[in-house]
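This report describes selected features of a single protein model, taking in its aromatic pairs, a helix contact and the spaces enclosed or bordered by its residues. The sequence and the model are shown first.

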Amino acid sequence: MTSQFRRIPGARLVFTASASAWLAACATSTPVEKPAASTQQVKPPEAPAATAPTAKPTYGGFGVDTGGMDPSVAPGDSFFRFVNGNWLAKTEIPADRSSYGMFTKLSEEASKRTRELIEQAASTQAPEGSEVRKLGDIFSSFMDEAAIEAKGLAPLQPELGRIAAISNRRELATVLGDTLRADVDALNRGNVNTDRLFGLWVVEDLNEPSRYAAYLLQGGLGLPDRDYYLVDNAKFTEVRQKYQQHIAAMLRLAGIADADAKARRIFELEREIARVHWAQVDTQDVTKTNNPWPREELAKRAPGLDWDAYLGAAGLGQQRELILWQPSALIGISKLVGAQPVQTWKDYLTFHAIERAAPYLPKAFVDESFAFNGRVLSGTQQQRERWKRGVDITSEELGEAIGKLYVAKYFPPEAKAEADKMVRNIIAALGQRIDSLAWMAPETKAHAKEKLATLQVGIGHPDKWRDYSGLEIVRGDAYGNADRASRFEYRRNLNKLGKPVDRSEWFMVPQLVNALNSPQQNSIIFPAAILQPPFFDPNADPAVNYGGIGSVIGHEIVHSFDDVGAQFDARGKLANWWTKEDAAKFKAAGDALAAQYSAYKPLPDLAINGELTLGENIADVAGLSIAYDAYRLSLGGKPAPVLEGFSGEQRFFLGFGQIWRNKYREPILRRILLTDGHSPGEYRASTVRNLEGWYQAFGAAPGQTLYLAPEQRVRIW
């Protein structure tokens, strides 16, 4: 599962007393909004004075941007604003961004570095077919706007011609099958959305992790979630109207007649698809999504779609079994394929082909795509510079080829060694916490310790790099390169079926600022690009590093033991290793945390969905707890020095609070609250209210907004 950190809607990323008592306590907690400023000052405990590290950290004298803090806010009222208040007041979201924070800042830096690497590749006379040549050709092709304008819609005409030639439902199924891509990932990267009819995911079998399985997920929507089609309020009504206008505009740009009427029919078809879609919370429930179907039963159990034609065109004709992630949704969508007019489906396929191709088409298509997808759906005011989009596209098409160059230049062995040391310390801290859990039975502890002992750790980059020799890249063919790269990745996934499982596969590229937990591999991954300030700085105070990257490491480790991860055993098999009593206690703690987060209301009309964000919130609170334990263990029993008036414990929590700096535009915040398994940054930082060490460090007291009585503080792991 990925991070900013996990759950995509649910991904496993870093971007309970009785249940009734816990719920009652948390449900009445005061929501954390924007507290009035307080004049309470933090008084660090007495400790020997010390000097800052001799090498200068990127942030401040010890690794925290103290100038971004707001000491007029009491930590107990809003720890997020205490740590980040002045930064919030002075920082404007860039016009080409829907949000801005520490992840964004590092992503921008990684993008600049990647651009340099790509442009260097483009400037060399590398041999034809080499990875370096391919990198340069992809980027140069995308950047050649004059050539793209001159070609117009011609690169897309073959696909539009195939759609126009559809004359019956079997041919419709064949074209639909040809559009299937490996563009979803339910548990690792947590991407469960695709505008194609269905999405394919090839990964370890939930029931037998020694083999690969083919998973089909619901798809077919152009808007982010079913709620955008079905919820009746002014915000979504406006979005729906603008979406229909956008569909019509794209069709008109392509010279397609009767655009308005076709746009209405396309939208209504998508709304019917939305009606059968599963909600995000259900999509995250692996007890509901583990549905192996024999290939021969598809036509009987999900009639409407010609499954023989569809799977044959998709290259899955010989697959004996498929796992349907949301079976009732796929049944409903299949029925619509058989019931809705073929012409409506042809119009639908035409629009989505144009929409997907827009980044590689003339400027009019690019601008219209941004006007809706950027401005309306995310609130972004300005299109990103073309080179930034080119870097993203090149990284998507040849990610590990760039990653190889990135690691060689920007990821020294010393950084990997230091991060590896921290990971081992934090794993050890979790092991000690498991041993000391009074509520957990010995047999459950034994299974937990076994799983922890077999956890795979990947730091910086994969041990073996992906082979792109079979990918054809043609200089000057921006759209064709993207199409061939998409098909290449799809075939790579198909080729895994029937082969031995590669437990070392990475699901992120090194130049990505994120982290990930894979429950089926029982592995965690930390790409090179996240191992930099403010998350990790070799020159910063260790307390800050443990609060920053240490909490991220803890977060990803705990994903193996959160509400989803705890359902997988040490082999990555979906299996129950809990006693009935322990499972009930674990659920009660999770229910309490869900209630705590459901009380937060980032928008006047929209609260956090504590159930949707539960896995991420468990990973945050427990991950921070074990990172705190690891930091204290790292001191070897010696007192931490005071630096610039802050104790070691205070610096640890400041390091944590600093990484969650973020500002959002309203449309993207609304989208996050509805579809993302991660809570907004302010509320992730607020999980400190559950840790005893935070109260000791900052003296939060009854009457302050964040204060929880000891019995109300949620302790998980």
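Across the whole structure, which is a predicted model, a search finds 38 aromatic pairs. One of them joins tyrosine 243 and phenylalanine 267, whose ring centres lie 6.3 Å apart and whose planes meet at 70°, so the pair is edge-to-face, the class for planes over 60 degrees apart. Because tyrosine 243 belongs to helix 9 (residues 234-253) and phenylalanine 267 to helix 10 (residues 259-276), the pair ties together parts that are 24 residues apart in sequence.

A contact between helices comes next. Helix 20 (residues 413-436) packs against helix 26 at an angle of about 105°, and the two axes are 8 Å apart. This angle makes helix 20 roughly perpendicular to helix 26, because angles from 65 to 115 degrees fall in that class. On the side of helix 20 the contact is made by Asn425, Ile426, Ala429, Leu430, Gln432 and Arg433, while helix 26 contributes Ser625, Ile626, Ala627, Asp629, Ala630 and Leu633. Sorted by class, the residues of this contact are seven nonpolar, three polar and two charged.

Turning to open space, the second largest pocket has a volume of about 720 Å³. It is lined by 26 residues, of which Asp563, Val564, Gln567, Phe586 and Lys587 are the closest to its centre. Two or more lining residues come from each of helix 11 (280-283), helix 12 (286-289), helix 25 (580-598) and helix 26 (614-634), and helix 25 gives the most, with seven residues.

The largest cavity, for its part, has a volume of about 80 Å³. Its lining consists of Ser141, Asp144, Ala147, Ile148, Lys151, Gly152, Pro155, Tyr360, Gly476, Asp477, Ala478 and Tyr479. At least two of these residues are supplied by each of helix 5 (145-151) and helix 22 (478-494), and helix 5 gives the most, with three residues.

The table sets out the class make-up of the two linings and of the helix contact.

| Site | Nonpolar | Polar | Charged |
|---|---|---|---|
| Lining of the second largest pocket | eleven residues | six residues | nine residues |
| Lining of the largest cavity | six residues | three residues | three residues |
| Contact of helix 20 with helix 26 | seven residues | three residues | two residues |

Helix 26 thus appears in two of these settings: it makes a contact with helix 20, and it gives two or more residues to the lining of the second largest pocket.

How values were computed:
Residues are numbered from 1 along each chain as its sequence is written. This is a predicted model: local features need pLDDT of at least 70, side-chain atom pairs count only at pLDDT 80 or more; totals for chains, interfaces and linings use all residues. Side-chain values use heavy atoms; hydrogens and water are left out. On a 1 Å grid over the protein atoms alone, a cavity is a set of points where a 1.4 Å probe fits but cannot get out, and a pocket is an open set with protein on both sides within 12 Å along at least five of seven lines; lining residues have an atom within 4 Å of a point. Grid points are joined across faces, edges and corners, and a volume is the space filled by probe spheres set on the points. Helices (H or I, at least four residues) and strands (E, at least two) are DSSP runs, numbered from the N terminus. Ala, Val, Leu, Ile, Met, Phe, Trp, Tyr, Cys and Pro count as nonpolar, Asp, Glu, Lys and Arg as charged, and the others, Gly among them, as polar. Axes are lines fitted to C-alpha atoms, for helices over the stretch in contact, and angles run from 0 to 180 degrees between N-to-C directions. Angles under 35 degrees count as roughly parallel, over 145 as roughly antiparallel, 65 to 115 as roughly perpendicular and the rest as oblique. Contact means heavy atoms within 4.5 Å. Rings of Phe, Tyr and Trp (its six-membered ring) pair if their centres lie within 6.5 Å; planes under 30 degrees apart count as stacked, over 60 as edge-to-face and the rest as tilted.
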